[in-house]
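Trainee: Please take a close look at one part of this model, the nonpolar patch on its surface, and then set it beside the interior.

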Amino acid sequence: MRGEMATYGRILMYVIPVFFTLVVAEKWYGWYWKKKSFRLLDTISSLSSGFTNTIKDALGLTVVILSYKYMVSHWALFQLESSVAMYIITFIVIDFYGYFSHRWAHSINFLWNKHAIHHSSEEFDLACALRQSISVFINLFTFLLLPAALLGVPAKVVALVTPIQLFMQFWYHTTYIGKMGFLEKILVTPSHHRVHHAINPEYVDKNHGQIFIIWDKIFGTFQEELPNVPPVYGSTRPVKTWNPIKINFLHLRLLILDAYRTHNWADKFAIWFKPTGWRPADVVEKYPVEKIEDPYHFQKYDTRASNALKVWIGIQFFVTLAFMYYLFGNLATIPKPQIFFYGGFILLAVYAYTELMDRNPNAIWWELIKTICALSLIYINGDWFGMGESFTKWLVLYLVVANVVTYYFSRLEEDSSPVLAS
């Protein structure tokens with residue numbers, strides 16, 4: 001397990017700079033050539049969501065009910081020989097798995113919580129591709145990989161192909177690539193995925209494919225992007241926060257509250273398995289929630305941010321990235337449970353600066369909690385996880401400065417009320 005974590009961490013150290021470079025290149029292209037405004041806070045929120053997801057995955061914080069290793073060792077009918085064909089079959093089976101797990105996440109109330117973060121951005125760009133879940137701790141759908149298990153595909157092959165298939169879903173999150181001719185008939189393209197992310201009634205819950213669009217065409221969920229219906233992005237229940245950790249649990253919180261509040265005992269159970277967005281009738285009347293009825297006339301979430309605040313948020317973002325890189329580079333050497341404390345520190349860092357992005361006056365308390373966590377880890381270890389006394393002194397200085405600056409922006413800077421962008 002520790003070896004797999006270290007390997008995944010090393011992969012991320014190479015993949016993250018590539019994704020980040022592409023995100024910046026897309027933003028520059030949109031700003032310079034297309035004269036499109038650049039919403040920095042939305043982009044940082046998306047990238048920060050990527051931080052939280054990679055931390056969760058790298059630390060292996062998911063329980064598998066029915067493991068692939070078990071299926072292939074007990075149910076394989078024969079053993080495929082290692083070949084190009086075996087990898088192609090594995091890729092197709094993983095994509096089949098991805099289609100149905102994705103479709104069910106859009107269709108069943110309690111499953112939507114794990115996917116809502118990905119649709120929470122009101123922009124559609126490469127950065128929003130990195131909005132991935134941290135709210136899934138149990139993998140329920142490994143059984144969809146049964147075809148590969150019956151063919152005897154080794155678990156290590158599935159483990160190799162799965163992240164490749166995931167990373168290949170990054171490129172089509174963009175508005176700058178039009179329709180792609182013949183490829184539209186086979187692959188998921190930017191046009192197909194714009195439809196998937198749109199809240200227009202014509203587009204909702206369509207195009208669930210991940211690499212191959214043929215699954216949607218076979219199972220009746222395909223919708224072409226219409227020239228007279230420009231996609232509008234986001235979620236029909238707007239999240240109204242930049243904090244990705246909060247977003248991950250907003251839908252679950254509503255489900256819990258609705259199940260508690262309804263007086264109908266059958267609904268307390270049924271709400272979890274009803275179609276996504278369903279609420280008990282008595283709760284809807286008494287506790288209404290905001291829902292976008294007209295996708296063409298609503299205000300995107302935004303907050304006022306001075307240039308100084310944007311610079312500070314950028315500093316916090318890159319400092320957190322540096323902490324994460326050190327963790328990924330040392331997953332094999334940092335002992336348990338320290339490695340989980342380190343991951344928790346990074347989550348606290350993201351929570352603190354995204355609360356400040358929301359202009360929440362309580363952001364200073366989250367920054368203080370982050371500081372206490374860091375100082376406790378330094379006290380326990382003697383330094384910051386082997387970085388030495390000199391670095392640790394600089395870290396303590398950073399923590400002090402971060403609290404002072406966060407206090408200024410959260411409590412003293414004028415005009416911290418939310419503003420909505422059209």
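Mentor: A residue is called buried under 20% relative accessible area, exposed over 50%, and partly exposed in between. The model is predicted. In it, F110 has a relative accessible area of 31% and is therefore classed as partly exposed, since that value falls between the two cut-offs. This phenylalanine is found in helix α5, which covers residues 109-115. F110 also belongs to a nonpolar surface patch of about 1000 Å², whose other members are L61, V63, I65, F137, I138, L140, F249, F269, F273 and F340.

The interior offers a contrast to this patch. In soluble globular proteins, nonpolar side chains tend to be buried together. Here the largest nonpolar core has 53 residues, and L327, F328, Y342 and W384 touch the most other members. At least two residues of this core come from each of α1 (2-32), α2 (40-58), α13 (307-329), α14 (338-357), α15 (363-381) and α16 (389-412). Among these helices, α13 gives the most, with ten residues. Beyond its neighbours within four places in sequence, F328 is in contact with G9, R10, L12, M13, I16, T54, I55 and A58. Another core, of 23 residues, lies apart from the largest one and includes V93, V153, V158 and F212.

A polar residue can be followed into the interior as well. N200, in the loop between α8 (190-197) and α9 (214-219), has a relative accessible area of 0% and is therefore buried. A polar atom of the N200 side chain lies 3.0 Å from the backbone oxygen of P230. Leaving aside neighbours within four places in sequence, the contacts of N200 are V229, P230, P231, V232, P295 and Y296.

Conventions. Residues are numbered from 1 along each chain as its sequence is written. This is a predicted model: local features need pLDDT of at least 70, side-chain atom pairs count only at pLDDT 80 or more; totals for chains, interfaces and linings use all residues. Side-chain values use heavy atoms; hydrogens and water are left out. Patches are made of residues with over 30% relative accessible area and no salt bridge: like charges are joined within 9 Å, nonpolar side chains (Val, Leu, Ile, Met, Phe, Trp, Tyr) within 5 Å. Accessible areas come from the Shrake-Rupley method with a 1.4 Å probe; for residues, only the protein chains shown count as cover. A salt bridge is a side-chain nitrogen of Lys or Arg within 4 Å of a carboxyl oxygen of Asp or Glu. Helices (H or I, at least four residues) and strands (E, at least two) are DSSP runs, numbered from the N terminus. Buried means under 20% relative accessible area, exposed over 50%, partly exposed in between (1.4 Å probe, protein chains only). A nonpolar core is a set of buried Ala, Val, Leu, Ile, Met, Phe, Trp, Tyr and Cys residues joined through side-chain atoms within 4.5 Å. Contact means heavy atoms within 4.5 Å. A polar contact is a pair of N or O atoms within 3.5 Å; within protein, one must be able to donate a hydrogen and the other to accept it, and residues adjacent in sequence count only if both atoms are side-chain atoms.
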